[in-house]
Structure formats: C-alpha cells, structure tokens
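I opened my notebook to a fresh page for this one. Here is what I looked up, in the order I went.

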Amino acid sequence: MKKKAAVVMVTAAGLSLTFLSGTANATPGKGVSAVTIFDHVVDGTDYVLKEITLAPAGTTTPVR
C-alpha cells in the first residue's frame with residue numbers, strides 16, 4: 001500500500017510540474033530597449049543577462 005501511495009505522489013508531482021510550469025513570454029511595450037550582456041547555455045539551461053532601458057513616457061504594458 002505504501003508503494004502504491006508513493007507512486008501516486010510521484011506521478012502527481014510530475015504531472016503538476018508538467019502542467020503548472022509555464023514559459024515566460026512578453027508583449028512588446030513602447031519605449032523599451034534591451035541589450036544582451038551575457039547569454040550562455042549550461043546543461044540545457046539558458047542563462048541570460050540583459051540591460052533593459054525604459055525611456056521617459058515608455059511603458060511595459062501591451063500597446064494596443
């Protein structure tokens with residue numbers, strides 16, 4: 001019985017990571033620019049460092 005409960009818990013944890021994790025996405029704003037300072041992949045994981053500049057009267061909310 002304990003083995004079955006463990007299998008159920010591991011399966012539930014795996015499914016929650018699969019369906020609850022999301023991909024970051026962004027909508028372009030107005031007056032925003034970015035320069036990539038560092039971009040490197042280690043073991044399949046992307047590490048990116050960017051300098052983001054927001055101009056006066058610029059916005060990061062979606063422009064419609």
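**Entry 1: a leucine to start from.** I began with leucine 49, which I found in strand 2. A reminder to myself: this is a predicted model. Is leucine 49 buried, exposed or partly exposed? I read a relative accessible area of 47% for leucine 49, so I noted this residue as partly exposed, since that class runs between 20% and 50%.

**Entry 2: its nonpolar company.** Next I asked which residues make up the nonpolar surface patch. I listed Ile37, Phe38, Val42, Tyr47 and Leu49, which together make a patch of about 480 Å². Two elements give two or more residues to this patch, namely strand 1 (30-42) and strand 2 (45-59). I noted that strand 1 gives the most, with three residues.

**Entry 3: how the strands meet.** With both strands in the patch, I turned to their pairing. Strand 1 and strand 2 run antiparallel to each other, and I found eleven bridges between them. I then looked up valine 42, one of the patch residues, and found threonine 45 of strand 2 as its bridge partner. The two strands form a hairpin, with two residues between them.

**Entry 4: the turn.** Which residue in the turn has a positive phi? I found aspartate 43, in the loop between strand 1 and strand 2. Its phi is positive, about 50°, and I flagged it in the margin because aspartate 43 is not a glycine. I also checked its cover: aspartate 43 has a relative accessible area of 80%, so I put it down as exposed.

**Entry 5: stepping back.** I then wanted the whole protein on one page. How many helices and strands does the protein have? I counted one helix and two strands, and along the sequence they follow the pattern α-β-β.

**Entry 6: cover and contacts.** What share of the residues counts as buried? I got 0% of the 64 residues, with buried meaning under 20% relative accessible area. The protein exposes about 6,000 Å², and I noted that carbon and sulfur atoms supply 63% of that area. Last, I looked at contacts with a separation of 6 or more: residues 24 or more positions apart account for 36% of them.

**Closing note to self.** My picture is an antiparallel pair of strands joined as a hairpin, with a nonpolar patch to which both strands give residues and an exposed aspartate 43 in the loop between them.

Notes. Residues are numbered from 1 along each chain as its sequence is written. This is a predicted model: local features need pLDDT of at least 70, side-chain atom pairs count only at pLDDT 80 or more; totals for chains, interfaces and linings use all residues. Side-chain values use heavy atoms; hydrogens and water are left out. Patches are made of residues with over 30% relative accessible area and no salt bridge: like charges are joined within 9 Å, nonpolar side chains (Val, Leu, Ile, Met, Phe, Trp, Tyr) within 5 Å. Accessible areas come from the Shrake-Rupley method with a 1.4 Å probe; for residues, only the protein chains shown count as cover. A salt bridge is a side-chain nitrogen of Lys or Arg within 4 Å of a carboxyl oxygen of Asp or Glu. Helices (H or I, at least four residues) and strands (E, at least two) are DSSP runs, numbered from the N terminus. Buried means under 20% relative accessible area, exposed over 50%, partly exposed in between (1.4 Å probe, protein chains only). Contact means heavy atoms within 4.5 Å. Two strands pair if DSSP finds at least two bridges between them.
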